[in-house]
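Please take a moment to look over the sequence and the structure shown here, and keep both in view while reading the paragraphs that come after them.

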Amino acid sequence: MKLTLIYFNIPFWRAEIIRLALFIGNIEFEDRRITGEEFQRVKVKGELDDGTKIPFHQFPCFLVNGISIAQTGGIARFCGKLSGLYPKDDDLLCAQIDQFIDICTDINVLISTTSKIDNDDLRIRRRKELFDGDLSRKLNILNKTIRGDYDWICGSDVGLTIADLAVWRLIGWVSSGMLDGIPTTFLKDFPNIQRICHSVENTQKVQEWIKTTYPKNYLRGNY
Ligand SMILES: N[C@@H](CCC(=O)N[C@@H](CS)C(=O)NCC(=O)O)C(=O)O
């Protein structure tokens, strides 16, 4: 099976959940990284310059033997099944994992509403308001939803799943300092989220991936 992930040249959670699931599972894939210029053309045409179809004109896009698949959650589940980080025959556990991927999407979308604000002062003000209001509320609920006695979202019997990868990298982005107006030290107030992030950070394959693929001095997050 020929697998290709198409995304930008950044370790954003939408791509990392997929790249890492495959890397951890020792599954070979092409990690194709496109430029911002090509992205602008894809947004209009719905295909790469080489004619590869991009469903919904969005990234990430995943090719399985040349067939294009979109949507972060669906791709992550497909790769998670290949790598053993998502169950193949346990619908309840699947749903428990899915809910965390979807809350990551909700938090991502909440923050993205501020990213299109060009005026620096206004953007920073909006982000401060967001953090003081809806964003902290969501983080608090996420923290409460993760069990206080678990090192992994689904417990130590299950271990690492794509839910842990999603939360770890999304929170890395939110706490990185790249988002002006959002503080970088908030994770200390959300110990259950922080513990999951530490578990993922301390995974040997994750460390290996970071060392070999992340730009030096990349603002990876404040865990
Ligand atoms: N629902 C999609 C959203 C993906 C998404 O918003 N991707 C951004 C890049 S990170 C994008 O392609 N935006 C262009 C657009 O939506 O037109 C998913 O879960 O993958």
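What follows is a walk through a predicted model, beginning with a pocket and then turning to two helices and a loop.

A useful way to begin is with empty space, since rolling a probe the size of a water molecule over the atoms shows where such space is left. In this model the largest pocket holds about 970 Å³ of space, and among the 33 residues that line this pocket, those closest to its centre are Tyr7, Phe12, Arg14, Asn108 and Ser112. Both domain 1 (3-83) and domain 2 (91-213) take part, each giving at least three residues to the lining of the largest pocket. Looking at the elements, one finds that β1 (3-8), α2 (36-45), α3 (72-83), α4 (91-115) and α6 (162-174) each supply at least two residues of this lining, and that α4 gives the most, with eight residues. By chemical character, the lining of the largest pocket divides into 15 nonpolar, eleven polar and seven charged residues.

One of these contributing elements, α3, repays a closer look. Its twelve residues should span 16 Å at 1.5 Å a residue, and this agrees with its end C-alpha atoms, which are 16 Å apart. Within α3, the residues Thr72, Gly73, Ile75, Ala76, Cys79, Gly80 and Ser83 are buried. Because these buried residues cover an arc of only 160 degrees around the axis, they lie on the same side of α3.

Helix α1 (residues 13-24) can be followed through two of its residues, one of which is Arg19. Is Arg19 buried or exposed? Arg19 counts as buried because its relative accessibility is 0%, the cut-off for buried being under 20%. The C-alpha atoms of Arg19 and Leu48, which are 29 residues apart along the chain, are separated by 20 Å. Ala15 is also placed in helix α1, and Ala15 is buried, with a relative accessible area of 0%. Although Ala15 and Arg169 are 154 residues apart in sequence, their C-alpha atoms are 9.6 Å apart in space.

The last stop is a loop, and here a general expectation helps: most residues other than glycine have a negative phi, and most peptide bonds are trans. In the loop between α2 and β3 (61-64) lies Pro60, which is joined to Phe59 by a cis peptide bond with an omega of about 10 degrees. Phe56 lies in the loop between α2 and β3 and has a positive phi, near 60 degrees, while His57, also placed in that loop, has a positive phi near 60 degrees. Phe56 counts as exposed, at 58% relative accessibility, whereas His57, at 31%, counts as partly exposed.

Note on methods. Residues are numbered from 1 along each chain as its sequence is written. This is a predicted model: local features need pLDDT of at least 70, side-chain atom pairs count only at pLDDT 80 or more; totals for chains, interfaces and linings use all residues. Side-chain values use heavy atoms; hydrogens and water are left out. On a 1 Å grid over the protein atoms alone, a cavity is a set of points where a 1.4 Å probe fits but cannot get out, and a pocket is an open set with protein on both sides within 12 Å along at least five of seven lines; lining residues have an atom within 4 Å of a point. Grid points are joined across faces, edges and corners, and a volume is the space filled by probe spheres set on the points. Helices (H or I, at least four residues) and strands (E, at least two) are DSSP runs, numbered from the N terminus. Ala, Val, Leu, Ile, Met, Phe, Trp, Tyr, Cys and Pro count as nonpolar, Asp, Glu, Lys and Arg as charged, and the others, Gly among them, as polar. Domain bounds come from an automatic or database domain assignment. The expected span of a helix is 1.5 Å times one less than its number of residues. Buried means under 20% relative accessible area, exposed over 50%, partly exposed in between (1.4 Å probe, protein chains only). The arc is that of the directions from the helix axis to the C-beta atoms.
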